[in-house]
Amino acid sequence: MATAPKKNALAAAPVEPSAVADVAAAAGPAQAFAAPTASIEALQDQFRAAAEKGLVETRSTYVKVKVAASEAVDALETSYAAARAGLAAINAKALESLTDNVEANFDFVKSAIGVSGAADFVALQGAFVRARFDALAGQAKALGELAQKTAADSLGPIQAQVAKGFKIAV
């Protein structure tokens, strides 16, 4: 069995058109529309003020982000230039080491051709091997120092930018 929905007292009471006209006439047409218009204008002013404030904050944030991006690009360019210069120096040092090693080998071969006996050859070869190990150790040390310097020079600008970014964020 279905039941009909219950009507409340306001829904059941008929509204007379003359009663609405009487309220509007008693208050006057200017007063009847003045209150909603004033509240709408106040609401529009609040929205306008909020939008302008948001725009100012957005512009400020944009400028900060643009400056930070520009500084980050500059740091990367500086880092790249330092890395490129360091790698060029490492390559030059490696080429110099290779040239020294090749010349030492040719000198050894020239000396080995002129030895008179096996004992002299063994002594010459022992001296050559010791000299080459010492030279290789020195070359490796020089290349390692150059590589560390290159890494420090190329990572320095990036580390400074990251530290500055964390400082700004905090």
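**Figure 1. Phe121 in the predicted model.** Phe121 is partly exposed, with a relative accessible area of 32%. The coordinates shown here and in the legends below belong to a predicted model. At 32%, Phe121 falls between the 20% limit for buried residues and the 50% limit for exposed ones, and is therefore assigned to the intermediate class. Phe121 is located in helix H4, which spans residues 118-169.

**Figure 2. The tilted ring pair of Phe108 and Phe121.** The structure holds 2 aromatic pairs. In the pair shown here, the ring centres of Phe108 and Phe121 are 6.2 Å apart and the planes stand at 45 degrees, so the arrangement is tilted. This pair links distant parts of the chain, with Phe108 in helix H3 and Phe121 in helix H4, 13 residues apart. Phe108 is buried, having a relative accessible area of 14%, whereas its partner Phe121 is partly exposed.

**Figure 3. The stacked ring pair of Phe108 and Phe128.** Phe108 is buried, with 14% relative accessible area. The rings of Phe108 and Phe128 have their centres 4.4 Å apart. Their planes meet at 20 degrees, and because planes under 30 degrees apart count as stacked, the pair is classed as stacked. Phe108 in helix H3 and Phe128 in helix H4 are 20 residues apart, and the pair links distant parts of the chain. Both partners, Phe108 and Phe128, are buried.

**Figure 4. The aromatic cluster.** Phe108, Phe121 and Phe128 are linked into a cluster by ring pairs. Phe108 takes part in the tilted pair with Phe121 and in the stacked pair with Phe128. Within the cluster, Phe108 and Phe128 are buried, while Phe121 is partly exposed.

**Figure 5. A nonpolar surface patch that includes Phe106.** Leu95, Leu98, Val102 and Phe106 make a nonpolar surface patch of about 400 Å². Phe106 lies in helix H3, which covers residues 29-113. With a relative accessible area of 54%, Phe106 is exposed. Phe108, also in helix H3, is by contrast buried, at 14%.

**Figure 6. Overall context of the close-up views.** The protein has 4 helices and 0 strands, and its elements run α-α-α-α from the N terminus on. Of the 170 residues, 11% are buried. The protein exposes about 13,400 Å², of which carbon and sulfur atoms supply 67%. Among contacts with a separation of 6 or more, 79% are between residues 24 or more positions apart.

Terms used:
Residues are numbered from 1 along each chain as its sequence is written. This is a predicted model: local features need pLDDT of at least 70, side-chain atom pairs count only at pLDDT 80 or more; totals for chains, interfaces and linings use all residues. Side-chain values use heavy atoms; hydrogens and water are left out. Patches are made of residues with over 30% relative accessible area and no salt bridge: like charges are joined within 9 Å, nonpolar side chains (Val, Leu, Ile, Met, Phe, Trp, Tyr) within 5 Å. Accessible areas come from the Shrake-Rupley method with a 1.4 Å probe; for residues, only the protein chains shown count as cover. A salt bridge is a side-chain nitrogen of Lys or Arg within 4 Å of a carboxyl oxygen of Asp or Glu. Helices (H or I, at least four residues) and strands (E, at least two) are DSSP runs, numbered from the N terminus. Buried means under 20% relative accessible area, exposed over 50%, partly exposed in between (1.4 Å probe, protein chains only). Contact means heavy atoms within 4.5 Å. Rings of Phe, Tyr and Trp (its six-membered ring) pair if their centres lie within 6.5 Å; planes under 30 degrees apart count as stacked, over 60 as edge-to-face and the rest as tilted.
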